[in-house]
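Reader: Hi! I'm new to reading protein models, and I'd love a close look at one part of this one. Could you pick out a small sheet and walk me through how its strands are arranged?

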Amino acid sequence: MNAPAGLYVHLPYCASRCGYCAFVVTTDGASRDRYLAALEREASLLVPEAAGEAFDAVYLGGGTPSLLPAASVARLLDSLRARFDVSGDAEITLEANPEDVTEDAVAAWAGAGVTRVSVGVQSFEDAELGAVGRRHDAARAAAALEALTRAGLSVSGDLILGLPGQTPLSFRRSVQRLIGSGVAHASVYLLEVEKSKTMEEDRRLRPDRYPSDDAQADMWLAMGEALASAGLAHYEISNWAAPGREARHNLKYWTRTATLGLGVSAHEYWAGRRRANVSTLDGYLASLAGGARPVALDRLVDEAEAAREEVFLGLRLARGVEEDAIRRQIQIVTFADSCLPRDYEAWVEAGILEKRESRVRFTERGFLVSNEVLSR
C-alpha cells in the first residue's frame, strides 16, 4: 500500500520582496483572483491522476499565503478537499509572516482547517530584520507566535543565520526567544547571499557586516545544542522538532514520497516522474486559461537516478541511509570522480559522517559541510 501523498500549493503574492528572497513571487496583487481560479482549474485537471490516492498533508507556501484574505484560504482548502481525498487528520500548513497574524486571522485559519502555521520570524533583532527588508519587528514576531500557540495550532518558527549585522550574541538571543515562545518546530537556514545580487554586492563591499564562515559554524553548533536542550531534535539539515511534530509534508520530499504541486513554479514527484510548472505568472495563467497544465519539465526518474536520490535526499535526514546504498552510489560515481572512495573514508575518519550499525549519517559538525559532500 502506498504511503499517503502530499499536496503543495504555491501562492506567490507578497507585500514586498525581502532582500534575500530567491523564490517566484510578485508584489502586484492585481491578478490574485484570477490566480486562485487558475489553481482550482489546475486541481481539476489533476483529479484523474490522483484517483484512489489519499493525502495526509497539504502545504500552502509562497510567497506569503497569510496575505490572502481568510475567506480565500478557506475557499482554496475547500476546493482541494472537494477534488482530492484529503484525510480528516491531515496536516495542513500555512506559511505566514508575523505582521499578518491577528486574533481574527488565526481563528479564521483554524476554522478553515489549518492545523500548522510556519512563521517567518527570521530574527528577533530589529536591526537585522530591517537590514533585509522585513516588514515586522521583534515584538510583532513574538506576539504572532504567542497568538498561534494560544490558539492550539502547531507552530514552526524560521530563523536565518548569517544576516548582516548579526553577531554570536544577537543570534543566541534570537534562538532563546524562539525557544521561549514554545514552538514545537524550528527551521534555521544559512543566508545564501549569492541568490540575491543586491546582498552579494553588499557583502563584497562591506564584508565586516556579515559573520565569517568560522563564526557561523560556531553559532550553528551552539544553536543546535540549545534547541536539543529545549527538547527539539535535529531531524533534517535545517529542521528541529519536538517528538512527533516533524513537518509531515516536507518529510515526503526527503523520503521520495509522492507529492503533487499546484501553482506557478511548483514542483512535484508523482508516478515516478518529476515535473515542474512554468516559473512566470503570465505563462501559468495563460496555460490554464487554455485548459492545459503549465508544465515546463516532465521526465521519468530512472532506476539510476532513483538510487542517487535515495542517497542525497536520505542523507539530509538525521537518521541517514543504509551504507549499502552509499557504497553502490560511490561505485557508480567513481568513474567520474576517482577520489570519492578515498574521500568517503576520510569523511568518516574526520567525523563528518558516522556509521551506526548498517546506516550512515552526518554528524552535527558534518551537517555544516553537507553541501560539499552531497554534491560529490
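**A small sheet and its surroundings**

Author: Let's begin with the whole chain: buried residues make up 51% of its 376 residues. Keep in mind that this is a predicted model. The chain has 14 helices and 15 strands, so we need to zoom in quite a bit to reach your sheet.

Before that, a word on overall dimensions. A compact globule of 376 residues would have a radius of gyration near 21 Å, and because the chain has 21 Å, the two agree. Along its principal axes, the C-alpha trace spans about 55 × 50 × 40 Å. The accessible surface comes to about 17,200 Å², and carbon and sulfur atoms account for 51% of that. As for who touches whom, take the contacts between residues at least 6 apart in sequence: 67% of them join residues at least 24 apart.

Now for the sheet itself. Three strands form it, in the order E13-E15-E14, and the sheet is open. Notice that the order in the sheet puts E15 between E13 and E14. The pairing is antiparallel. If that word is new to you, strands of a sheet pair through backbone hydrogen bonds, either parallel or antiparallel.

Which strands sit at the edges? They are E13, covering 321-322, and E14, covering 353-356, and each of them pairs on one side only. A helix joins the picture too: H13, made of residues 340-349, packs on the sheet and touches both E14 and E15. The direction of H13 makes about 80° with that of E14.

Look next at how E14 meets E15, which is residues 359-362. These two strands pair in the antiparallel sense over four bridges. For one example you can find on screen, go to Lys355: its bridge partner in E15 is Val360.

Once you've got the sheet, here are two other spots to visit. One is Arg75, found in helix H2, which runs over residues 70-83. Is Arg75 buried or exposed? Its relative accessibility is 55%, and since the cut-off for exposed is over 50%, Arg75 counts as exposed. Arg75 and Glu40 are 35 residues apart in sequence, and 9.9 Å separates them in space, C-alpha to C-alpha.

The other spot is a set of aromatic rings. Ring pairs link Tyr13, Tyr35 and Tyr284 into a cluster. Counting rings whose centres lie within 6.5 Å, there are eight aromatic pairs.

Conventions:
Residues are numbered from 1 along each chain as its sequence is written. This is a predicted model: local features need pLDDT of at least 70, side-chain atom pairs count only at pLDDT 80 or more; totals for chains, interfaces and linings use all residues. Side-chain values use heavy atoms; hydrogens and water are left out. Two strands pair if DSSP finds at least two bridges between them. Contact means heavy atoms within 4.5 Å. Axes are lines fitted to C-alpha atoms, for helices over the stretch in contact, and angles run from 0 to 180 degrees between N-to-C directions. Buried means under 20% relative accessible area, exposed over 50%, partly exposed in between (1.4 Å probe, protein chains only). The radius of gyration is taken over C-alpha atoms; the globule rule is 2.2 Å times the number of residues to the power 0.38. Accessible areas come from the Shrake-Rupley method with a 1.4 Å probe; for residues, only the protein chains shown count as cover. Rings of Phe, Tyr and Trp (its six-membered ring) pair if their centres lie within 6.5 Å; planes under 30 degrees apart count as stacked, over 60 as edge-to-face and the rest as tilted.
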